[in-house]
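Notebook open, coffee poured. Today I am looking at cavities, a core and one histidine.

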Amino acid sequence: MLADPSISVLGPDPTHRKFILNGNAFQQDAIQSFNGWQYAAFYSALSEDAAKEPLYIHLSRRKLPEGKWETLVFDDYPQTTDDGHNTVQLGVCPGDGTIHLSYDHHCDVLRYRHSQPGVAQTPESFSWSASLFTPHLSRLPGLGAEHDELFGYITYPRFVQLGADLLFSFRTGKAGLGDDHVAVYSAQNGTYKYQVLGTNLKGVDSNPYIHGLDYRNGRLHATWVYRGFVHYEGWDDPLDTKHKQQRGPNSAENNHNICYAYSDDGGRIWKNGAGELIADLGKGESVRPDSKGIVAFDIPKGSGLSNQEAQAVDSEGGVHVLNRDAVDGEQKWKHYYRSPDGTWTQHALPHVQGVKGGKRGRLAVSKYDDLYLILPDNNAPTLTILRAPKKTKYSEYELAWWRDGFPPTEPLVDTTRLEYDNVLSVFTRASNAADLDSTARVDVVVLDFKL
């Protein structure tokens with residue numbers, strides 16, 4: 001069993017809201033380490049004694065392993081929409097040391113800001129202040145008005161470090177009818193700026209929901225499910241908002257298939273698991289639902305398949321996916337695994353129940369390639385961690401830790417810290433009550449497990 005973690009508090013969670021903003025599976029990096037420092041982004045009120053509304057983005061940093069958190073607040077952008085999609089994402093560009101934030105999207109114009117160069121490279125040289133960052137932006141650095149239409153209807157932004165560069169991924173369109181796109185922030189003529197690469201995943205009467213994007217040993221891995229589109233009255237009305245409902249006309253019932261593709265050139269050219277070229281973004285091509293060889297598991301609609309649950313890649317190139325299905329007649333959380341030789345397997349998880357439509361979990365790979373599965377309970381304030389040792393070829397699952405006091409939240413993980421010092425930092429919410437008492441104080445916290 002894992003020893004109990006050290007727990008540090010980032011700030012109070014806005015529990016008066018109907019929907020959770022701090023802890024959603026599609027937040028690829030709300031917590032991330034770079035160069036011996038850790039960064040975490042979350043929403044909270046302006047201060048502890050301020051009014052509950054509006055909310056503001058808080059960005060914290062600390063020196064590892066156990067430094068005290070410093071927190072700045074961007075008080076120039078009030079967040080007012082009660083929608084669980086509208087989270088904040090964090091990225092760090094290794095090449096110029098800039099810190100990037102994208103936030104508050106559900107089919108909205110791009111919302112973005114970034115720091116001065118060098119802030120993440122020599123953090124002790126900078127006093128932690130919002131003045132280090134640009135004002136609120138509606139364009140990516142280096143891009144002009146010719147791209148405004150592309151960035152006018154965004155959901156699910158995410159960042160991925162690509163060597164010295166930073167990849168930015170986002171969806172356009174709506175649930176069941178959308179595409180995923182990629183742009184890269186890199187040095188061009190000595191200056192870092194963005195270049196749009198293209199549409200990497202194209203929806204055809206559907207939209208892809210990616211589990212994650214992971215860059216390991218020069219290869220960018222993507223797994224995803226598709227959600228088929230169901231037409232409804234007013235679906236093509238530009239003012240339509242039905243699709244913004246948490247369980248709108250195109251719900252998870254229409255999720256199907258687990259798919260896989262990879263890129264060895266930073267997201268420009270994509271291949272299927274057999275190594276066959278399926279899309280060259282430079283030629284205007286995209287990975288499509290009918291692209292050859294992308295389906296890893298043929299899972300029909302109505303099987304309880306979730307979207308955007310979790311993905312991780314180990315040091316040998318093994319691809320791990322967390323999701324759940326009822327293909328065998330019983331809804332179960334499952335670990336789907338692609339070995340380095342390209343063989344896919346799946347195993348149902350013990351010790352936990354994969355509830356249909358329940359809170360989604362997270363995957364993490366330790367410095368020594370053991371797999372950790374961080375799993376919330378949908379109906380109780382319980383957090384559970386399972387371990388799948390590398391020596392079992394990830395086919396056995398041990399109960400590594402569980403405790404109460406964690407309201408149903410989709411936990412997030414600092415994957416970069418695991419490679420740094422093999423500490424599992426989990427971003428989640430914690431309550432001062434053992435049950436789901438609605439009056440209890442709930443904080444945004446970081447749990448640090450020494451593996």
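For linings I count Ala, Val, Leu, Ile, Met, Phe, Trp, Tyr, Cys and Pro as nonpolar, Asp, Glu, Lys and Arg as charged, and the others, Gly among them, as polar. This is a predicted model, where local features need pLDDT of at least 70, side-chain atom pairs count only at pLDDT 80 or more, and totals for chains, interfaces and linings use all residues. Residues are numbered from 1 along each chain as its sequence is written, and side-chain values use heavy atoms, with hydrogens and water left out.

**Cavities.** I looked for cavities (sets of points on a 1 Å grid over the protein atoms alone where a 1.4 Å probe fits but cannot get out; lining residues have an atom within 4 Å of a point). A volume here is the space filled by probe spheres set on the points, which are joined across faces, edges and corners. I found 2 of 30 Å³ or more in the whole structure. The largest holds about 50 Å³, and its lining has 4 nonpolar, 1 polar and 3 charged residues. Among them are Arg158, Arg171 and Asp180. Strand S13 (206-216) gives the most to this lining, with 3 residues. Strands are DSSP runs of E, at least two residues, numbered from the N terminus.

**His181.** Next I checked His181, which sits in strand S11 (residues 177-188). His181 is buried (under 20% relative accessible area, 1.4 Å probe, protein chains only), at 6%. Leaving aside neighbours within four places in sequence, I see His181 in contact (heavy atoms within 4.5 Å) with residues including Leu150, Phe168 and Asn200.

Technical notes: Helices (H or I, at least four residues) and strands (E, at least two) are DSSP runs, numbered from the N terminus. Buried means under 20% relative accessible area, exposed over 50%, partly exposed in between (1.4 Å probe, protein chains only). On a 1 Å grid over the protein atoms alone, a cavity is a set of points where a 1.4 Å probe fits but cannot get out, and a pocket is an open set with protein on both sides within 12 Å along at least five of seven lines; lining residues have an atom within 4 Å of a point.
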